[in-house]
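Open the model in your viewer and keep the selection tool at hand. The stops below go from the whole chain to single residues.

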Amino acid sequence: MSNQPEKKGVSAVDFFCIGFGAIVGVGWAVSINSWMTSCGGPIPAGIGYILALVMMVPIALCYCELVPMLPVAGGGMAFAYRAFNETVSFISGWAAFGAFVSIIPWEAIQITDVLGYLIPNIKAGDPLYQIAGTDVYLVTIIIGTICSLLLFALNMRGLAAAATLQKVLCFVLVGAGIVGAIASLVGGNASNWQPIYEVTDPSIYGPASEGLKEVSHSSMFGGMMAILASAPFFLAGFETIPQGVEDAGGDITNVGKTVVMSVVLACIFYAILLICFGYAWPWKEFAHMENPSAATVFTFLYKGIAGEVLYWLITIGAIAGLFTTWNGFFMASASLLMGMGRGYLVPHIFAKQNKNGIPVPGLLVCLVLSLIGPFLGAGLIGDITSFSAAAFVLSWTITSYSLIRLRKTEPDLPRPYKIPGGIAMGGFSAIVTTVVFILLFVPNNPVYMGKTASLMFVGWMVIGVILYLVSAVQRNKTTKEERRAAMFSHANANTEA
């Protein structure tokens, strides 16, 4: 145990709820049928999420050591800054920021769709316009705008306020998932898992095909691996934990451990739901159901009032999950931008905080991006998901190499927690993430993310290069020592920066 004195702040339980809630979110309710179709069935998809632990646990362990060692805003960006240089740090930070902020409009898009399941005729009348083949309505824009403003107001009150809401919503979404799993097992049948593996054209699946890429596998193992094309997106919520570490109270070591716990439990949660919902109804029919498919299935499985009650419970859980992810990444995006601003990797104005320590400039950027979401419509969700997954994997790859390098260059740096395996574990994480990152861009393999998402990723990184070069004017007005001090001066008083 660490001998660090406790201080008031956000607890480890709060951080777990921030991370787990940001991971699970709404995806389990609205994407579970698309996971089945893209992987060839619920069994390969469920096993795929267990296999995802092989990639995710070593990554999470890297954060488990690095977060309490360098407890500053920025996460992987700050670790790369310390381990390598400003250029590598910017690449990590900009990739992570792109992944973070793409989730914000994604949630703003989803909220109107999910509410539409509870409020009949929310999309009645003529649409304002179409984007990527989907209609955009005035009412959905208004709803997304109001929710965005409410989340901005909440985060302006600080991480503690956002964490309190996160805790409540997290219990709601987990409760809904447990109820759904039990109801599926009670009313379902093992024959619904058949065929155990079958590749079909995703385009025939109506609502479930929205955002699906063409499958690139022909075996069950390929189906299991296919989940890795989107799993980083649906598991990346743990990244919200390092971004809030400066507000931690108590033993800082526990904050790092919540990263691992949230990742492991989220993978198991997804796998269980895939197996259970596949048990509830023939999965090839389940794939045709209107979203949220995890709620709709109960109107078929249970007739009358029981089916309606279950539908509402699961949908309410989906809405709670949507807000946990939206809220978590709203906070994390602003903190990451603040960390980059401290090191002059982006304009220094983003390092500014108000008298209560709130990164207002970063929150304003998040608000603008969140407000854009409802205007985009749901047609771009699939490509946004894949782009974000690639950006996360790049950032995680750099973080893995950062752990290895810091073990060698700064072996005496205080480490409140040392991960088992040390450099070997970091090396394994680096190899796995490097391979997955490369495969995301290689056509005709199960992990390939598609042409549009690839172009989005390249475009985002080109924008980053331009911004980095522009920021050089301001960056060169300070010394490297001053920038380094600004980056790490906010570390815990008992952690050597």
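The tour starts with the overall fold and then moves through a helix, the aromatic rings, a surface patch and three loops.

**Whole chain**

Show the protein chain as a cartoon, keeping in mind that this is a predicted model. The secondary structure comes to 20 helices and two strands. Along its principal axes, the C-alpha trace spans about 65 × 45 × 45 Å. The radius of gyration is 22 Å, which agrees with the value near 23 Å for a compact globule of 497 residues. Colour by relative accessibility next: of the 497 residues, 62% count as buried.

**Helix H5**

Select residues 76–83, which form helix H5. Is this helix mostly covered or mostly exposed? It is mostly covered, with eight of its eight residues buried. They run from Gly 76, Met 77, Ala 78 and Phe 79 to Ala 80, Tyr 81, Arg 82 and Ala 83. Stay on Arg 82 and add Phe 488: the charged end of Arg 82 sits over the ring of Phe 488, 5.2 Å from its centre.

**Aromatic rings**

Now show the side chains of Phe, Tyr and Trp. The model has 31 aromatic pairs. For one of them, select Phe 100 and Phe 392: the ring centres are 5.8 Å apart and the planes stand at 45°, so the pair is tilted. The two residues come from distant parts of the chain, 292 residues apart, with Phe 100 in helix H6 (residues 86–118) and Phe 392 in helix H17 (residues 381–409). Both Phe 100 and Phe 392 are buried.

Next, select the cluster that ring pairs build from Phe 90, Trp 94, Phe 97, Phe 387, Phe 437, Phe 441, Phe 457, Trp 460 and Tyr 468. What lies over the face of Tyr 468? Add Arg 475, which is found there at 4.0 Å from the ring centre.

**Nonpolar surface patch**

Switch to a surface view and select Leu 128, Tyr 129, Leu 138, Ile 142, Ile 146, Leu 150 and Phe 375. Together these residues make a nonpolar surface patch of about 660 Å². Which helix gives the largest share of the patch? Helix H7 (residues 138–155) does, with four residues. Ile 142 lies in helix H7, and its relative accessibility of 42% makes it partly exposed, as the value falls between the 20% and 50% cut-offs.

**Three loops**

Return to the cartoon and go to the loop between helix H8 (159–187) and helix H9 (220–226), where Pro 195 is found. Show the backbone of Gln 194 and Pro 195: a cis peptide bond joins them, with omega about -10°.

The next stop is Tyr 344, in the loop between helix H15 (305–342) and helix H16 (360–376). Tyr 344 has a positive phi of about 60°, although it is not a glycine. Is Tyr 344 buried or exposed? At 14% relative accessibility, Tyr 344 counts as buried.

Finish at Asn 444, in the loop between helix H18 (423–439) and helix H19 (451–475). Asn 444 also is not a glycine and has a positive phi, here about 65°. With 72% relative accessibility, Asn 444 counts as exposed, whereas Tyr 344 counts as buried.

Definitions and conventions: Residues are numbered from 1 along each chain as its sequence is written. This is a predicted model: local features need pLDDT of at least 70, side-chain atom pairs count only at pLDDT 80 or more; totals for chains, interfaces and linings use all residues. Side-chain values use heavy atoms; hydrogens and water are left out. Buried means under 20% relative accessible area, exposed over 50%, partly exposed in between (1.4 Å probe, protein chains only). Rings of Phe, Tyr and Trp (its six-membered ring) pair if their centres lie within 6.5 Å; planes under 30 degrees apart count as stacked, over 60 as edge-to-face and the rest as tilted. A charge sits over a ring if NZ of Lys or CZ of Arg is within 6 Å of the ring centre and within 35 degrees of the ring normal. Patches are made of residues with over 30% relative accessible area and no salt bridge: like charges are joined within 9 Å, nonpolar side chains (Val, Leu, Ile, Met, Phe, Trp, Tyr) within 5 Å. Accessible areas come from the Shrake-Rupley method with a 1.4 Å probe; for residues, only the protein chains shown count as cover. A salt bridge is a side-chain nitrogen of Lys or Arg within 4 Å of a carboxyl oxygen of Asp or Glu. The radius of gyration is taken over C-alpha atoms; the globule rule is 2.2 Å times the number of residues to the power 0.38.
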